[in-house]
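Work through the following exercises with the sequence and the model side by side, and try each task before reading its solution.

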Amino acid sequence: MADKILVTYASLTGSTAEVAEAIGKTLVESGLEVDVCPMTEVTDLAPYRAVVAGSAIHGGKWLPEAMQFMHTYQAELSGKPFAAFLVCITLGMPDSGKYRDGVSKWLEPVRALVKPVSEGLFAGNMQLSRLPFTFDAMMVRVAVALKALPNGDHRDWVAVRAWAASLPAVLT
Ligand SMILES: Cc1cc2nc3c(=O)[nH]c(=O)nc-3n(C[C@H](O)[C@H](O)[C@H](O)COP(=O)(O)O)c2cc1C
């Protein structure tokens, strides 16, 4: 029987994975049975009655493997309660409230595939030493050097746990 909750994520440098783990922990504390794993390791949604999926943002988008997950499982996700979250550094900017509407639009491609019952928008963690030497990561380094993007860990664990604590009501 499908009675577990899946919390699945796409993460390049680990901060979204840690957000997913925190969401999973809160759901377990609410009495639910939960699996937390990367989207690339998901092979079957049948054991799950609901899915929480989240990705780091690169270039204003969920990571490619996250969108791949949505396309692969669109039909099954449409038949289950589905919640989505994103982790981005824009929400770590001073005065980040004014960016929330713009950041929310980054979930539009996800909504177009499966409508979430709830959405979480979270500030992330920018650790330059963890970035690969790709062109995109170089551009991010430049943006941080110019202070157009913030550096460091801006994750708000109170906000993450509060969102996770609101999920059982809409997922079960
Ligand atoms: C190549 C690259 C592109 C990024 N693009 C954006 C972006 O467009 N908007 C944003 O707010 N954050 C952007 N970020 C910041 C990440 O979303 C943020 O650091 C997040 O916490 C990383 O999550 P992860 O550790 O799970 O990979 C980018 C980071 C990288 C490395």
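**Exercise 1. Find which helices and strands each supply at least two residues of the shell around the ligand.**

Solution. The elements are α1 (15-29), β3 (48-58), β5 (82-88), β7 (125-126) and α5 (135-145); helices (H or I, at least four residues) and strands (E, at least two) are DSSP runs, numbered from the N terminus. Residues are numbered from 1 along each chain as its sequence is written. This is a predicted model, in which local features need pLDDT of at least 70, side-chain atom pairs count only at pLDDT 80 or more, and totals for chains, interfaces and linings use all residues, while side-chain values use heavy atoms and leave out hydrogens and water.

**Exercise 2. Describe the polar contacts of the ligand with Thr 13, Gly 14 and Ser 15.**

Solution. A polar contact is a pair of N or O atoms within 3.5 Å. Begin with Thr 13, where a polar side-chain atom lies 2.5 Å from a ligand oxygen. Next, a polar backbone atom of Gly 14 is 3.2 Å from an oxygen atom of the ligand. Finally, an N or O atom in the side chain of Ser 15 is 2.6 Å from a ligand oxygen.

**Exercise 3. Decide whether Val 103 is buried or exposed, and list what Val 103 touches.**

Solution. First locate Val 103, which belongs to helix α3 (residues 100-104). Val 103 is buried because its relative accessibility is 1%, where buried means under 20% relative accessible area, exposed over 50%, and partly exposed in between (1.4 Å probe, protein chains only). Leaving aside residues up to four places away in sequence, Val 103 touches Leu 86, Cys 88, Thr 90, Leu 91 and Leu 121, a contact being heavy atoms within 4.5 Å.

Notes:
Polar contact = N/O pair within 3.5 Å; in protein donor to acceptor, adjacent residues only side chain to side chain.
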